[in-house]
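These are my notes for someone opening this entry for the first time. Please read them with the structure in view.

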Amino acid sequence: MKAVLISIQPKWCELIASGKKTIEVRKTRPKLETPFKCYIYCTLSGSNEIAKDLKKWYSEKWYEKKGKVIGEFVCDSIRKGGADNFIQAYYHNNPDETCLTDQELVLYATIGKSLYFWHISDLKIYDKPKELGEFCVRNNHPNCDQCAHIPVGMHPQEFVWHNDFCGECSRLSYKSMWATHFRKRLARPPQSWCYVEELKR
């Protein structure tokens, strides 16, 4: 099942973990129906700001969390913000739960574009952060049970010797199969967010 991995700077991760920030603001949204699962990647950039509070930095072990996936939440709703009167629209559509000032919100937005307010629910912060490489990306054919079993990193041309593809997939060229079935582990974080496969419990 598709989920989302979202990159968030440490200072915002701390506010989310504390329960103060329950709305994440983005310029885009995934093409998924809510609710869907989001994994929180704590970025390396922005660590210096939270490191200024040495007590928090060490007591909450943020030095171990940067560059790791620190938790997950369910995005149960997304509200679209913005209107023709740009400044007025954003100043009046900034909930306190974003932990952003009106000025920060306006600076983040692109004039004439909408913002998306992702609501955070069912937050879970991991006792032990997960590595980025534990997450996989793939855009396999959604109705093919056989295709869903392609091992990580294996080219479809190798896999076809062991298992048959569904009728629709078997008509694809290997180039098309590669484009739609290739599955790999994440090696680098997304700039904003990306689709990932939901982790199995």
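1. Strand pairing. This is a predicted model, and the sheet is a convenient place to begin. Strand β3, residues 36-42, runs antiparallel to strand β4, residues 68-81, and seven bridges join the two. Within that pairing, Y41 stands opposite V69 of β4. On to the next pair: β4 and strand β5 (residues 115-130) are also antiparallel, with ten bridges between them. There S77 has H119 of β5 as its bridge partner.

2. Overall make-up. The protein has nine helices and eight strands. Of its 201 residues, 41% are buried. Among contacts with a separation of 6 or more, 77% are between residues 24 or more positions apart. The protein exposes about 12000 Å², and carbon and sulfur atoms supply 50% of that area.

3. A position in β5. K124 lies in strand β5. The C-alpha atoms of K124 and V74 are 9.2 Å apart, although the two positions lie 50 residues apart in sequence numbering, counted as their separation. K124 is partly exposed, because its relative accessible area is 40%, which falls between the 20% and 50% cut-offs.

4. Backbone points to check. Most residues other than glycine have a negative phi, and most peptide bonds are trans. Three places depart from this pattern and deserve a look. The peptide bond between T34 and P35 is cis, with omega about 5°. P35 is in the loop between β2 (23-26) and β3. C99, which is not a glycine, has a positive phi of about 60°. C99 sits in the loop between α5 (86-91) and α6 (102-108). D122 also has a positive phi, near 50°, and is not a glycine either; D122 is placed in strand β5.

5. Surroundings of the two positive-phi residues. Are C99 and D122 buried or exposed? C99 has a relative accessible area of 25%, so it counts as partly exposed. D122 reaches 62% and is therefore exposed, the cut-off for that class being over 50%.

6. Cysteines. How many disulfides does a search of the whole structure find? The result is zero. C42 is in no disulfide, and the nearest cysteine sulfur to it, that of C13, is 4.0 Å away. A disulfide requires the two sulfur atoms to be within 2.5 Å, so a pair at 4.0 Å does not qualify. C42 is buried, since its relative accessible area is 0%. C136 is buried as well, because its value is 5%.

7. Nonpolar cores. In soluble globular proteins, nonpolar side chains tend to be buried together. The largest nonpolar core here has 28 residues, and F36 and W118 touch the most other members. Two or more residues of this core come from each of β1 (2-8), α1 (10-17), β2, β3, β4 and β5. The largest share, five residues, is given by β5. Another core lies apart from it and has twelve residues, including A3, L5, V137 and C194.

8. Salt bridges. There are five salt bridges in the whole structure. K21 and E24 form one of them, at 3.6 Å from N to O, and both residues are buried. E24 also meets R26 in a salt bridge, at 2.7 Å from N to O, and R26 is buried like E24. K21, E24 and R26 are thus linked in a network of salt bridges.

9. A link across the sequence. K37 forms a salt bridge with E198, the closest N and O atoms being 3.4 Å apart. K37 lies in strand β3 and E198 in the segment after β8 (193-197), so this pair ties together parts 161 residues apart in sequence. K37 has a relative accessible area of 13%, so it is buried. E198, at 27%, is therefore partly exposed.

Terms used:
Residues are numbered from 1 along each chain as its sequence is written. This is a predicted model: local features need pLDDT of at least 70, side-chain atom pairs count only at pLDDT 80 or more; totals for chains, interfaces and linings use all residues. Side-chain values use heavy atoms; hydrogens and water are left out. Two strands pair if DSSP finds at least two bridges between them. Helices (H or I, at least four residues) and strands (E, at least two) are DSSP runs, numbered from the N terminus. Buried means under 20% relative accessible area, exposed over 50%, partly exposed in between (1.4 Å probe, protein chains only). Contact means heavy atoms within 4.5 Å. Accessible areas come from the Shrake-Rupley method with a 1.4 Å probe; for residues, only the protein chains shown count as cover. A nonpolar core is a set of buried Ala, Val, Leu, Ile, Met, Phe, Trp, Tyr and Cys residues joined through side-chain atoms within 4.5 Å. A salt bridge is a side-chain nitrogen of Lys or Arg within 4 Å of a carboxyl oxygen of Asp or Glu.
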